[in-house]
Amino acid sequence: MKLFECLGCGQPVYFENTACESCGRRLGYLPHDGVLTALEPADILPPAADPPADLNAVNPAATNGVWRALAAPEGRWRFCINAQHDACNWLVEAEPPGHQPNPDAYCAACAHNRTVPDLSVPANLTNWRRIESAKHRLFHGIQRLDLPHETRDEDPDEGLAFDFLPDPPDPKAPRIITGHDNGLITINLVEADDAKREKIRVAMHEPYRTLLGHFRHEVGHYYWERLVRRAGDNSEAMSGFRALFGDEREDYGEALKRHYAASGDGSPGASWQEGFVSAYAAVHPWEDFAETWAHYMHIVDTLETAGAFGLRVKPRISRGEEIGARVDFDSYRADSIDQLVEAFLPITFAVNSLNRSMGQPDLYPFVLSPRAIEKLGFIHLLCRHAREGLPQLSPQQGMPPAAMPLQTSQPQAAAVPVAETAPPPLPDRPAEEPVTPQTAALIAVAAQLALDPVD
């Protein structure tokens, strides 16, 4: 995630902020530009006028809900409809003067919501806001990677959509299962309750469980469908996937039974660490891909944040140069997985150590093996191939005809032009040496510094 600043006064501000505490301006996120911008009321102030001392005190009715963005002053903007619930700070293009506002003007992230909980229930509203915060960070990453993400209006059969549902009040009724099905991601509202989520984490013997982690994992299933399955059984993407992750045609239900039967209580065994990013990744090739996808998104977004803060790691020990790093590149446009991992691991060494100094769990409680890094490299290449020219799907495959207009209620994310060399082809077999010597040395340090390795 980037570090933002108020364009009105220079105050550092964060992705979820809705107002600048220094100058009082309203803040809104422009997804097309990836900018959190300061705002001024569009219809009561000419562009050159000085704003009131406290723009939060401006009567919203007097502005007609239309704002001028300092980052895009030529346009007129409204907040997403979900801003009324304090669940979104993203902007959509406003209607031309004299036209009625669009009552369904959802932003590029909220347009993917299919079902939200009953917001008249206070606990539902609180938990839904937390879910939206994590989901908007997910979409920041999707847009930075320039990945396709059609809505259900654009792809009725397999477009990306979300159901956010609470468990039914009847304790005997079936519980809501968090998961993915043909583009539809369901999140149980209980995952937004920190105490309940932690109880589940302990019961499941997991080192890590967060809302953002859930979103990145489940969207990994979506992108397996979108970028691998749809490419076809004889495609480079499918052959590379099966070479590294295994054959997804293996019975999923039986694989799940074997996973939990192996330990009896669901706790992970030790064998997974040789080839997987997590114990759950060892269940089935689908879960391996989704877990690896989630870790890839963790890595690139964490590095973007580290770079935004100018972090540099140079340990003051005799081998400090070997395990140092600086993030002086765009992690979302990295040349290779080695560039990402060789910067990410030293950052995690430092931040894990800081967390321990505060008595907190490790930020990244995982040790990446060479084979797991090779799988991360496959995800990296898959994203690059998608960014540089995903084939258009035909209407027979569930996509709308080319003449069908996209929704006009929210701005569409545009690709960021970047000069990149052509990516290498996707691998069709595991590499003899999956990591560089530098990465291998960092893996050894990571294993040494793991306070409580999962076994």
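**Close-up views of a predicted model**

**Figure 1. Surroundings of helix α5.** The buried residues of helix α5 pack against three other helices, namely α4, α7 and α9 (370-387), in a structure that is a predicted model. Helix α5 spans residues 236-245, and because seven of its 10 residues are buried, this helix is largely enclosed by the rest of the structure. The buried positions of α5 are Ala237, Met238, Gly240, Phe241, Arg242, Leu244 and Phe245, a list in which the reader can find the arginine Arg242 beside residues such as Phe241 and Leu244. Just after the helix comes Gly246, which takes a positive phi of about 110°.

**Figure 2. The crossing of helices α4 and α7.** Helix α4 (residues 211-228) and helix α7 (residues 285-308) have axes that come within 7 Å and cross at roughly 115°, and this crossing is right-handed. On the side of α4, the residues that meet α7 include Gly213, Val219, Tyr223, Trp224 and Leu227, while α7 contributes, among others, Trp286, Phe289, Trp293, Met297 and Asp301. When the residues of this contact are sorted by kind, 11 are nonpolar, five are polar and four are charged.

**Figure 3. The largest nonpolar core, centred here on Val219.** Which residues have the most contacts inside the largest nonpolar core? They are Val219, Phe289 and Trp293, in a core that has 93 residues. Leaving out residues up to four places away in sequence, Val219 touches Leu138, Ile142, Leu160, Ile185, Trp293 and Met297. Apart from the largest core lies another core, of eight residues, among them Leu30, Trp67, Ala69 and Ala72. As general background, nonpolar side chains tend to be buried together in soluble globular proteins.

**Figure 4. The open sheet of five strands.** The strands of this open sheet follow the order β3-β4-β5-β6-β7, and their pairing is antiparallel. Because β3 (26-30) and β7 (91-93) stand at the edges, where each has a single partner strand, one side of each is left without a neighbour in the sheet. From one strand to the next, the twist averages 50°. Although β3 is an edge strand, it is mostly covered, with four of its five residues buried.

**Figure 5. Strand partners within the five-stranded sheet.** Strands β3 and β4 run antiparallel and are joined by five bridges, and one residue of this pair, Gly28, has Thr37 in β4 as its bridge partner. The hairpin of β3 and β4 has four residues between the strands, and in this hairpin Gly34 takes a positive phi near 65°. Strand β4 (residues 35-41) pairs in turn with strand β5 (residues 67-69), in the antiparallel sense and over three bridges, and here Leu39 has Ala69 in β5 as its bridge partner. Strand β5 and strand β6 (residues 72-79) also run antiparallel, joined by two bridges, and they form a hairpin with two residues between them. Which residue of β6 stands opposite Trp67? The residue is Trp77, and Trp77 also stands opposite Glu93 in β7, where β6 and β7 pair in the antiparallel sense over three bridges.

**Figure 6. The open sheet of four strands, with helix α2 across it.** In this second view of a sheet, the order of the strands is β8-β9-β11-β10 and the pairing is mixed. The edges are taken by β8 (113-115) and β10 (179-181), each with a single partner strand, so one side of each is left without a neighbour in the sheet. Neighbouring strands are turned by 25° against each other on average, with direction ignored. Strand β9 (residues 161-165) and strand β11 (residues 184-188) pair in the parallel sense over five bridges, and within this pair Ala161 has Leu184 in β11 as its bridge partner. Helix α2 (residues 122-144) lies across β8, β9 and β11, and runs at about 160° to β9.

**Figure 7. Arg129 and its contacts.** Arg129 is found in helix α2. Is this residue buried, partly exposed or exposed? With a relative accessibility of 32%, Arg129 counts as partly exposed, because that value falls between the limits of 20% for buried and 50% for exposed residues. Leaving aside neighbours within four places in sequence, Arg129 is in contact with His85, Asp86 and Ala87. Arg129 and Ala192 are 63 residues apart in sequence, and in space they are 8.8 Å apart from C-alpha to C-alpha.

Methods: Residues are numbered from 1 along each chain as its sequence is written. This is a predicted model: local features need pLDDT of at least 70, side-chain atom pairs count only at pLDDT 80 or more; totals for chains, interfaces and linings use all residues. Side-chain values use heavy atoms; hydrogens and water are left out. A nonpolar core is a set of buried Ala, Val, Leu, Ile, Met, Phe, Trp, Tyr and Cys residues joined through side-chain atoms within 4.5 Å. Buried means under 20% relative accessible area, exposed over 50%, partly exposed in between (1.4 Å probe, protein chains only). Contact means heavy atoms within 4.5 Å. Axes are lines fitted to C-alpha atoms, for helices over the stretch in contact, and angles run from 0 to 180 degrees between N-to-C directions. A crossing is left-handed if the near helix is turned anticlockwise from the far one by less than a right angle, and right-handed if clockwise. Ala, Val, Leu, Ile, Met, Phe, Trp, Tyr, Cys and Pro count as nonpolar, Asp, Glu, Lys and Arg as charged, and the others, Gly among them, as polar. Two strands pair if DSSP finds at least two bridges between them.
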